[in-house]
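Q: Could you take me through one part of this protein in detail? I'd like to look closely at the largest pocket and what lines it.

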Amino acid sequence: MSAIKAEHLFKVFGPSPKKAVEPLRNGADRDDLFRRTGNLGAVVDATFEVEPGELFVVMGLSGSGKSTLVRILNRLHEPTAGRVEIDGTDIGGLDDTELRQLRAERISMVFQSFALFPHRTVLQNAAYGLEVRKFERDEREKKASEALEMVGLTGWGHKRPHELSGGMRQRVGLARALATDAQIMLMDEPFSALDPLIRRDIQSQLIELQDALDKTIIFITHDLNEAMRLGDRIAVMKDGAIVQTATPEEILNKPADPYVADFIQDVDRSRVITASSVMVEPVHTLSPRHGPRVAMLQLREHQASELYVVDHGRKLVGAVRDTDVAEASERGDETIAPVVHQEYRIAEPGTPISELLTTAGEQNLPIAIVEDTKLVGVLPRPQMLSALGIPAEAEELAKQNVAEEIAPPDVESGNGAAPSTDSESQEDPSHA
């Protein structure tokens, strides 16, 4: 069962909102409808589902409808049309008492503004949601203290909000949401008021908390890099409508329309695309039981200077070099096992390729992608460059340009000294 299910949600502000739903459903232009009728479609036919434990990001520019959408999910805004289910319950059918209980026990919210009570201590602010639920003082302060510890504010409970930095105040807001132990958290641009360095630190903390607590989070942002860093999936909004819902990698690799493509053009793809989406099957592998001659035949056939060695179940045991295999053959070794080495880089499927680009240029072998000791794929450097939108020709051109800079201008005419052989050992600049 989905934690949150939204079906054909509309929110229209204006003199006759319900009359605007059908034209919007039939594709009427939102701005034109507003000019003619005064009815603004803030959310237009939004449908999506969020799974338990998922961090679901809603991303869009200012005025796209994302903040209105998140407020519909706990009925801070009543939808003009459509349906929202929380854990299978249609919240549109809840009375006031049931709705208050839903907000107090099952859904917490973190706002862009810190929304702290200035006359209360940090501990009292963090415990406020539990106070509303009539928890005894000792119990709510215990839970609030635990939440403050989670967000790195141990020992700050006695302070007042004005004594804290902006980042610390936002941590208090996060602790207040965590203290209620609600499984669903709605976060409406919670970090947008923070300085970039503080913002990144809080993002990292949210990732760590999510790994530990496995909450279901709806996170609203207009910041593309924030969305790409945090989201398991991302819904991109434009003019009140969701134009694409997909994983960060899918959005980067297959934008749904020109608007999304334009939106993502400046994102650092290397920090989002992971090894699993780029890796390929190994051209060939060897077994540690292969003899040196068989291994040499395979190396020649695949025009490779090195190959990976795997055992039963594709368990990665190492790699072999052609020179070592040739020496093993001369010695009369029965298998290649004595010359298997571990001088190569491995990575997990979820590793961002930004962490692998430099390493990929430092070895002949493509990077081994390993999961539970099993070789699940390899990541050649050209494959990574292609995923980043860098044509393979660009790397060759870079080599040529540097070679021209190293060589004296009149080498070809024979009038100058030959280039130093040291240039041949220079690091390939494309590997920087």
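A: Here is a walk around the largest pocket, with a quick look at the largest cavity afterwards.

First, some ground rules: this is a predicted model, where local features need pLDDT of at least 70, side-chain atom pairs count only at pLDDT 80 or more, and totals for chains, interfaces and linings use all residues. Residues are numbered from 1 along each chain as its sequence is written, and side-chain values use heavy atoms, with hydrogens and water left out.

On a 1 Å grid over the protein atoms alone, a pocket is an open set of points with protein on both sides within 12 Å along at least five of seven lines, while a cavity is a set where a 1.4 Å probe fits but cannot get out; lining residues have an atom within 4 Å of a point. Points are joined across faces, edges and corners, and a volume is the space filled by probe spheres set on them.

The largest pocket holds about 880 Å³. Its lining has 29 residues, and Ile-207, Met-228, Arg-229, Leu-230 and Arg-271 lie nearest the centre. Helices H9, H10 (224–230) and H11 (248–253) each give two or more residues to that lining (helices are DSSP runs of H or I, at least four residues, numbered from the N terminus). H9 gives the most, seven residues.

By class, this lining has eight nonpolar, nine polar and 12 charged residues (Ala, Val, Leu, Ile, Met, Phe, Trp, Tyr, Cys and Pro count as nonpolar, Asp, Glu, Lys and Arg as charged, the others, Gly among them, as polar).

H9 turns up again at the largest cavity, where four lining residues come from H9, the largest share. That cavity holds about 40 Å³.
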